[in-house]
Amino acid sequence: MAILIKTAAQIEGVRKSSKLAASTLKHLEQFIKPGIKTIELDRIAEDYVRSHGATPATNGYKGYKHSTCISPNDVICHGVPNDYELQHGDIVNVDVTTILDGYFGDTCRMYNVGEVSEYAQKLCDITKECLHKGMEQCFPGNHLNNIGYHIAQHAHKHGYSVVYEFCGHGVGVKFHEDPEVAHIADKNTGPLLKPGMIFTIEPMINAGKARAKVDRKDGWTARTIDGKLSAQYEHTILITETGFEALTDVYGDF
Ligand code: MF3
Ligand code: CO
Ligand code: CO
């Protein structure tokens with residue numbers, strides 16, 4: 001399948017949906033405290049998204065039954081919200097994808113639960129920097145895989161590993177469109193970026209080994225194989241004539 005070049009109307013639709021996904025993450029901030037269950041956060045996010053006239057894209061997606069993915073500590077991604085109570089010192093990722101007027105916006109970020117260790121904070125900071133290293137490669141005429149090349153360079157420089165079993169993806173009129181956006185890749189390979197493309201960059205960076213294992217009970221929650229911490233940040237990115245616009249970067253906080 002080809003990479004869609006979005007029309008002006010589609011871009012406007014994705015922009016609005018992306019803004020709502022971002023404001024959902026902002027809304028959640030005040031609730032991220034020791035003692036709250038991840039299932040409670042999921043409910044708060046769902047209410048917020050629906051009260052703004054949108055639906056959570058994950059709900060019903062390939063049998064997934066929740067409105068967010070919530071991934072604490074060693075969970076890499078696709079953490080199924082449950083009765084786990086966040087604890088002081090946890091790091092936790094919340095990932096929200098909205099459908100507003102048929103358009104998709106997708107974003108995730110890390111939160112600290114109370115005060116976290118320097119070790120955990122550094123992983124989150126470097127992961128955020130990895131996202132930005134990828135975004136710097138977003139301009140017309142550049143090779144798609146330079147995103148992943150530069151993300152991996154930065155992660156490895158700090159002694160971290162890059163998850164390769166989950167990728168970024170085209171997004172906008174569907175949840176997951178072409179292309180796959182690898183977060184570790186060879187320099188100057190892959191298709192050339194063009195204005196009007198929209199895709200996510202969502203690096204998952206591990207403190208230990210890169211490999212993921214999916215929980216056999218819930219079929220979704222992906223954890224590190226060594227139990228070490230993992231972090232992730234995600235923006236929905238539009239390629240413009242001159243570079244990029246991060247459609248989910250509404251607050252400038254990551
Ligand atoms: N939002 C995730 C992403 O960034 C996808 C979650 S799919 C789910 O691609 F089914 F696990 F929710
Ligand atoms: Co995504
Ligand atoms: Co996402």
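Asp95 is buried, and Asp106 is buried too; "buried" here stands for under 20% relative accessible area, "exposed" for over 50%, and "partly exposed" for anything in between, with a 1.4 Å probe and protein chains only. This is a predicted model, so local features need pLDDT of at least 70 and side-chain atom pairs count only at pLDDT 80 or more, while totals for chains, interfaces and linings use all residues. Residues are numbered from 1 along each chain as its sequence is written, chains are lettered from A and ligands numbered from 1 in the order in which they are written, and side-chain values use heavy atoms, with hydrogens and water left out.

Both of these aspartates turn up at a metal site. The cobalt ion (ligand 3) is held by two OD contacts from Asp95, an OD atom of Asp106 and an OE atom of Glu234, at 2.1 to 2.3 Å. Donors are N, O and S atoms within 2.8 Å of the metal (3.2 Å for Na, K and Ca), and since water is not among the atoms, sites may look incomplete. Along the chain, the donors of ligand 3 follow the spacing D-x10-D-x127-E. Asp95 sits in strand E4 (residues 91-100) and Asp106 in strand E5 (residues 103-112), so this pair ties together parts that are 11 residues apart in sequence. The strand and helix labels are DSSP runs numbered from the N terminus, with at least four residues for a helix (H or I) and at least two for a strand (E).

What about the geometry of the cobalt ion (ligand 3)? The angles among its six donor atoms run from 59 to 169°, and the site is irregular. For that label, the rules are as follows: four donors count as tetrahedral if all angles lie between 85 and 135 degrees; four count as square planar and six as octahedral if opposite donors are over 155 degrees apart and all others between 65 and 115; anything else is irregular.

Asp106 also does a second job, as a bridge between the cobalt ion (ligand 3) and the cobalt ion (ligand 2), which lie 3.3 Å apart. For ligand 2, the protein donors are Asp106 (OD), His169 (NE2), Glu202 (OE) and Glu234 (OE), at 2.0 to 2.2 Å. This site is irregular as well, with angles of 51 to 161° among its six donor atoms. Its donor residues are spaced D-x62-H-x32-E-x31-E in sequence. His169 belongs to strand E7 (residues 168-170) and Glu202 to the loop between E9 and strand E10 (204-206), so the two tie together parts that are 33 residues apart in sequence. His169 is buried, at a relative accessible area of 5%, and Glu202 is buried at 8%.

Several of these metal-binding residues show up again around ligand 1. It is surrounded by 14 residues, the closest being Thr58, Asp95, His169, His176 and Glu202; a residue makes the list if one of its heavy atoms lies within 4 Å. A nitrogen atom of ligand 1 is 3.0 Å from a side-chain N or O atom of Asp95. Oxygen atoms of ligand 1 come 3.1 Å from a side-chain N or O atom of Asp106 and 3.0 Å from one of His176. Taken alone, ligand 1 exposes 340 Å², and the protein buries 96% of that; these areas come from the Shrake-Rupley method with a 1.4 Å probe, and for residues only the protein chains shown count as cover.

Away from the ligands, Ser230 lies in strand E13 (residues 230-232) and is buried, with a relative accessible area of 1%. Its side chain makes a polar contact with that of Asn206 at 2.7 Å. A polar contact is a pair of N or O atoms within 3.5 Å; within protein, one must be able to donate a hydrogen and the other to accept it, and residues adjacent in sequence count only if both atoms are side-chain atoms. Leaving aside residues up to four places away in sequence, Ser230 touches several others, including Asn73, Ile91, Met110 and Thr224, where contact means heavy atoms within 4.5 Å.

The backbone has a few quirks too. A cis peptide bond, with omega about 0°, joins Asp178 and Pro179, and Pro179 is part of strand E8 (residues 177-181). Lys62 is not a glycine, yet its phi is positive, at about 45°. Lys62 sits in the loop between strand E1 (55-56) and strand E2 (68-72) and counts as exposed at 66% relative accessibility.
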